[in-house]
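Here are a few friendly notes to read alongside the coordinates. I start with the overall fold and then turn to one strand.

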Amino acid sequence: MNRFGILTNVEKDTNMETTLGIRRYLENKGKVCLLADEYENDKKSFAGEIDGLLVLGGDGTLIRAAREFARYDVPMLGINLGTLGYLTSVEKDEIWTCMDALMADEFSIEKRIMLSGTVYHQGKEVMSSEAVNDVIVSRSGFSKLVELRLYVNDELLDIYAADGVIVSTPTGSTGYNLAAGGPVVYPETELLVITPICPHSLTARSIVVSGREKITIEIGKRRKDQLEEALISYDGQAGVQLETSDRVEIRTAAGAVRLIKIKNKNFYQVLRSKIGNV
């Protein structure tokens, strides 16, 4: 690898100290190193100039980078300047060893699927976005369940009266999905996990489907004289308000996240060390 890009969470890298240190190190080795901030208005050109993207921050920073650059097929390496850093595989004290490995092309690349979620109101598309971890439809308002009608390939699968429902990628299975009682899924599989949030039921459980399926969530109507109110979010970022009869269609996105892996730690070792007793 000869041409590097760096995307930095400036709140986690005070005075860009680590960022500029990496840039100097790479340039002293004869490599090209560009900063994403210098191409803020032309991400496509930035992506075309680099062989790989170094993402400095935490998991949230890496997710943001993936949503911005996965469409350009750019491999990314997460460098953890945060706390947990489950997706960011390199710790701060490992930076220089990893830079040497990158320059020597001693790395592998993991491919992670993403989600595409499209919202329809009265049959018309109102928004569409992508997610690395999950697309969540949840109740909007205090102490009210929302009725969610779940379809897979247009076949009714279940009806939940719940706080919401999570549709997760394998990458996101260790996030909100796990906290809601869903299963952990090996990250490179092409599967989707559907997990209800606090369902008013003794039998509602997570469901795992193929990544080829289309999942549709329709906002139902529990009260005759009142519209249901819900909200869609993508990787924790709020989208639009939803109401009765609105539909959300979720599929595997066309693009995928390509994560650079250097160390020999496998998924199960990271699971034990980062999350603990799963």
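1. What share of the contacts in the protein with a separation of 6 or more comes from residues 24 or more positions apart? In this predicted model, such pairs account for 67% of those contacts.

2. On overall dimensions, the radius of gyration is 20 Å, which agrees with the value near 19 Å expected for a compact globule of 278 residues. The C-alpha trace spans about 70 × 40 × 35 Å along its principal axes. Six helices and 17 strands make up the secondary structure.

3. Next, burial and surface. Of the 278 residues, 50% are buried. The accessible surface comes to about 13600 Å², and carbon and sulfur atoms contribute 45% of that area.

4. For anyone setting up electrostatics, the side chains include 33 positive and 39 negative ones. The centres of these two sets lie 2 Å apart.

5. Strand β14, residues 215-219, deserves a look. Five of its five residues are buried, so the strand is largely enclosed by the rest of the structure. Ile215, Ile217 and Ile219 point one way, while Thr216 and Glu218 point the other way. The charged residue in that second group, Glu218, is thus listed among the buried ones.

6. Which strands pair with β14? One is β9 (residues 146-152), antiparallel to β14 over five bridges; here Arg149 stands opposite Glu218. Another is β17 (residues 247-261), also antiparallel, joined to β14 by four bridges. In that pairing, Ile215 of β14 stands opposite Ile250.

Technical notes:
Residues are numbered from 1 along each chain as its sequence is written. This is a predicted model: local features need pLDDT of at least 70, side-chain atom pairs count only at pLDDT 80 or more; totals for chains, interfaces and linings use all residues. Side-chain values use heavy atoms; hydrogens and water are left out. Helices (H or I, at least four residues) and strands (E, at least two) are DSSP runs, numbered from the N terminus. The radius of gyration is taken over C-alpha atoms; the globule rule is 2.2 Å times the number of residues to the power 0.38. Buried means under 20% relative accessible area, exposed over 50%, partly exposed in between (1.4 Å probe, protein chains only). Contact means heavy atoms within 4.5 Å. Accessible areas come from the Shrake-Rupley method with a 1.4 Å probe; for residues, only the protein chains shown count as cover. Lys and Arg count as positive and Asp and Glu as negative; His and the chain ends are not counted. The place of a charge is taken as NZ of Lys, CZ of Arg, CG of Asp or CD of Glu. Two strands pair if DSSP finds at least two bridges between them.
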